[in-house]
Amino acid sequence: SKSGLGKTHLMQSIGNYILENGNKKVLYVSSDQFVNDYINAVRTVGKNTVEKIDSFKNKYRNIDVLIIDDFQMIIGKDASQTQFFDIFNDMYQKGKQIIITCDRMPEQLKELDIE
């Protein structure tokens with residue numbers, strides 16, 4: 001839905017509820033933070049690069065619930081989209097949950113590279 005209608009508040013409430021009523025690890029990030037985390041992981045050159053990329057992957061895979069706000073901001077960032085879908089597939093196969101918000105309807109996300 002459009003900006004200012006409570007998506008972020010609702011999603012934070014869901015995350016807080018899960019934390020208070022279950023024994024689950026929850027990670028809430030904006031899509032900008034996700035992209036920046038990935039950029040920082042690959043920006044390093046040398047031996048440390050592999051460690052930073054592994055650290056990035058572990059941060060997003062070693063949780064039970066991933067909450068990403070403003071998902072539309074990842075459109076056009078192909079490498080970040082690839083990482084997101086790798087994480088999505090890994091979490092899905094493990095029966096974990098992902099919650100996203102977006103200010104666009106699914107049919108308006110045609111630019112999203114999901115192949």
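Reader: Hi! Where is the place of Ile-100?
Author: Hi there! In this predicted model, Ile-100 sits in strand S3.

Reader: Is Ile-100 buried or exposed, or something in between?
Author: Ile-100 is partly exposed, because its relative accessible area is 40% and the partly exposed class lies between 20% and 50%.

Reader: Okay, and which residues does Ile-100 touch?
Author: Leaving out residues up to four places away in sequence, Ile-100 touches Met-11, Ile-68 and Phe-71. Another residue to look at is Ser-30: Ile-100 and Ser-30 are 70 residues apart in sequence, yet their C-alpha atoms are 9.3 Å apart in space.

Reader: Cool. What order do the strands have in the sheet?
Author: The order is S1-S2-S3, in an open sheet of three strands with parallel pairing. Strand S1 (26-30) and S3 are at the edges with a single partner strand each, so one side of each has no neighbour in the sheet.

Reader: And by how much are neighbouring strands turned against each other?
Author: On average by 15°, if you ignore direction.

Reader: What holds strands of a sheet together in pairs, generally?
Author: Strands of a sheet pair through backbone hydrogen bonds, and the pairing is either parallel or antiparallel.

Reader: So how many bridges do S2 and S3 have here?
Author: Four bridges, with strand S2 (residues 65-69) and strand S3 (residues 97-100) paired in the parallel sense. You can find some partners yourself: Ile-67 has Ile-99 in S3 as its bridge partner, and Leu-66 stands opposite Ile-98 in S3.

Reader: How does the chain cross from S2 to S3, then?
Author: The chain goes through helix H4 (residues 78-93), and this β-α-β crossover is right-handed.

Reader: New topic! I clicked on Asp-70. Where is the place of that one?
Author: Asp-70 is in the loop between S2 and H4. With 29% relative accessibility, Asp-70 counts as partly exposed.

Reader: What is its phi, for Asp-70?
Author: Asp-70 has a positive phi of about 60°, although it is not a glycine. For background, most residues other than glycine have a negative phi.

Reader: Good to know. What about Lys-77, where does that go?
Author: Lys-77 also has its place in the loop between S2 and H4. Lys-77 counts as partly exposed, because its relative accessibility is 34%.

Reader: Which backbone oxygen lies 2.9 Å from a polar atom of the Lys-77 side chain?
Author: That is the backbone oxygen of Met-73. Lys-77 can also be placed against Val-35: the two are 42 residues apart along the chain, and their C-alpha atoms are separated by 8.0 Å.

Reader: Back to the helices. At what angle do the axes of H2 and H4 cross?
Author: The axes of helix H2 (residues 31-43) and H4 cross at roughly 100° and come within 10 Å. That makes H2 roughly perpendicular to H4.

Reader: Which residues meet there, between H2 and H4?
Author: From H2 there are Phe-34, Val-35 and Tyr-38, and they meet Ala-79, Ser-80, Gln-83, Phe-84 and Ile-87 in H4.

Reader: Last one: is Ser-80 buried or exposed?
Author: Ser-80 counts as buried because its relative accessibility is 4%, and buried means under 20%. Ser-80 is found in helix H4. Not counting residues up to four places away in sequence, Ser-80 touches Phe-34, Val-35, Tyr-38 and Ile-74.

Note on methods
Residues numbered from 1 in each chain as written. Predicted model: local features only at pLDDT ≥ 70, side-chain atom pairs only at ≥ 80, totals over all residues. Heavy atoms only, no water. Pairing = 2+ DSSP bridges. Helix = DSSP H or I, 4+ residues; strand = E, 2+ residues; numbered from the N terminus. Right-handed = clockwise from strand over helix to strand, strands pointing away. Buried < 20%, exposed > 50% of the residue type's maximum accessible area, 1.4 Å probe, protein only. Polar contact = N/O pair within 3.5 Å; in protein donor to acceptor, adjacent residues only side chain to side chain. Axes fitted to C-alpha atoms, helices over the stretch in contact; angles between N-to-C directions. Parallel < 35°, antiparallel > 145°, perpendicular 65-115°, else oblique. Contact = heavy atoms within 4.5 Å.
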